[in-house]
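Let's take a stroll through this structure together. Keep the sequence and the 3D view open while you read.

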Amino acid sequence: MPRYAMAIDLSLCVGCAACAVACKMENEVPPGAFNLWIRERELGTFPDLTVEFRPEQCLHCENPPCVPVCPTGASYQTPEGLVLVDPKKCIACGACVAACPYDARYLHPGGYVSKCTFCAHRLAQGKVPACVETCPTLCRTFGDLDDPNSPVSQALRQANRVDVLRPEMHTRPKLFYLNAPSKKGLSKESEVRHD
Amino acid sequence: MTEFYGLPNAQEFWHWANALHFVLVGLAGGMAFLAALLHLKASEDARRYTLFALGLIALDLFVLWAESPARFRFTHVWLFLSFHPGSPIGWGAWSLALAFASALLLYLGKGPRRFLAWVLLLLSLVVLAYPGMALAVNANRPLWNALLAGLFPVTALTLALGLATLLQSPWAPYPFRLVAGLSLFLAFLYPLTLSPEAQAHFLEEGGVLYGLLLLVGLGAFARGNLAPWAGFLAASGLRALWVLVGQWQGLGL
C-alpha cells in the first residue's frame, strides 16, 4: 500500500501558478474557491532580500485534524494516506474547515466541503496529480514515501532542508517544502506583520 | 508583504445563522437541563418546561438544517447512521435527538418518569457541553481556547435561567444571577487567557462590542424586570461574538 506524499522544492518554484491553474481545470474548482494557491512573500531588507514562492494546498496530513471532527464520516483518510471528502455524506457543517490549520478546505457551491484530493482520480489511473504534471520548473515531486526510489523519496533525500507548515500543530503534513529560500525556513505572517 | 495567486480559503465558514444556532442550542440545552431537574424534583413546572425544551430543541434542529448548504441533499441522515466520538458535532446531533425523544416521552407521560428524567439530565449536559467543545477542539484557532468549553455551558444556563426568570418562575432568579455572575467573571477573564497576538486580534475585531456586552451583562444584577433581559442579551451576544470573531487562523502561515 503506497503512502502518497508531495514535495515542492521552493528553490525552484517561481510562483507562476501553473499548478494552481492546472488544478482549477482538472478538478473544475468553482470560482472563488481554491484547492491550490500561491503565497508570495518578500522577506528581509536590501541587500539581504528573499522572495518565497510557496504553493499551498491540502497537505494530506498523516494526523489530519479535519477527519475526527467530522460528525458523519464524510471526511476520511484512505489507506494510501489521502484525506478525502465523500460528498454523499457531507452535511457541510464546516467542522473540518474550522479544524484545518491550513485553510485548505472550502464549501463547494454544490453544498458540500471540498479541497485538494492529490488528484485521487488520476492516481487511480496511474497518473501523477495535474499540478505535478504541469509544473514547468519541475519543482514538484509526488509518490510513495515508503518507496525509497519514488520521486518524492529521492527529492526528500537530496534536499538541503525540509520544512512543513505549522509543525507545532502535530498534523504531520505529507506535503514537504524543500530548500526554503530563507535561512529561517518557511515564512510566517507573524514575522512580516511590521510591513 | 504577502501576496497571492488565488487565495487561501480563509473566509468565514460559520455565519450569522450558525451564530444564531449557537445561541439557540444554549437555550435548548439549558431548558432540557431545567426540565430534567424539575422532573426529578417533581415540580409542577416540570411539564411546562419540558414543552419549552421540546420546542427549543426542535427549533434549533430546524435552524441547523435550514442554514446548512446541504439541506436539500438530505445528507443529515448520516449523522444518525454513524457514530464518531471524536466529533463534538456528532455528540451534539445524538444528544439533541435523544434529548428530544426522552423529553417527548416525559411530556407524554410514557415510560419510567424518574429514569427518563435522569436520562434527559445527562443528555442535556452533553448538549450544554458540545458547542464549546466544537470550538475548543480546533487547536489551530487561537481565540477558541479551552476556556470556551466552560464559557458555553455557563452562558447556556444563563440563557435558560434568564428565560425562566422572564416566565416568572420563582425558583429562577437566584440561580440566574449565580450563573450570570460566573459567566461574566469568566468572560472578563477570557481576553486575558489569549496569547498577545490573539488578544490584539480579538480586541481589534470585537473588543468594543465585547466590552459593551459585559456592561450589559452587569444589568443582570439590577433590580426589576430588565435584569433577565440584560443577562439574556449579554449571554446571546457573547456566544455569537465568540463564534464569529474566533474564525481566525492566527499568524502561523
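## Odd backbone spots and helix packing

A:R166 sits in the loop of chain A that runs between strands β9 (162-163) and β10 (175-178). Helices here are DSSP runs of H or I with at least four residues, strands are runs of E with at least two, and both are numbered from the N terminus. Before going on, note that this is a predicted model, in which local features need pLDDT of at least 70, side-chain atom pairs count only at pLDDT 80 or more, and totals for chains, interfaces and linings use all residues. Residues are numbered from 1 along each chain as its sequence is written, chains are lettered from A and ligands numbered from 1 in the order in which they are written, and side-chain values use heavy atoms, leaving out hydrogens and water.

Back to the loop: A:R166 has a positive phi although it isn't glycine, and it is buried (under 20% relative accessible area; exposed is over 50%, partly exposed in between, with a 1.4 Å probe and protein chains only). A:F118 also has a positive phi without being glycine, and its place is the loop between β7 (112-114) and α3 (120-123) of chain A. Here are the two residues with their values:

| Residue | Phi | Relative accessible area |
|---|---|---|
| A:R166 | near 45 degrees | 7% |
| A:F118 | near 55 degrees | 1% |

Another backbone quirk is the cis peptide bond between A:F46 and A:P47, with omega at about 5 degrees. A:P47 belongs to the loop between β2 and β3 of chain A.

Now for a helix. Which residues of helix α1 (residues 18-27) of chain A are buried? They are A:C19, A:A20, A:A22 and A:C23. Looking down the axis of α1(A), the buried residues fall within an arc of 160 degrees, so they line one face of the helix (the arc is taken from the directions from the helix axis to the C-beta atoms). Their cover includes β2 (36-45), β3 (48-57), α4 (130-134) and β8 (140-144) of chain A, along with β1 (2-5) of chain B. Right after α1(A) comes A:E28, with a positive phi near 45 degrees.

Over in chain B, the axes of helix α1 (residues 16-40) and helix α4 (residues 113-136) come within 8 Å and cross at roughly 155 degrees (axes are lines fitted to C-alpha atoms, for helices over the stretch in contact, and angles run from 0 to 180 degrees between N-to-C directions). That makes α1(B) roughly antiparallel to α4(B) (over 145 degrees; under 35 is roughly parallel, 65 to 115 roughly perpendicular, the rest oblique).

Notes
Contact means heavy atoms within 4.5 Å.
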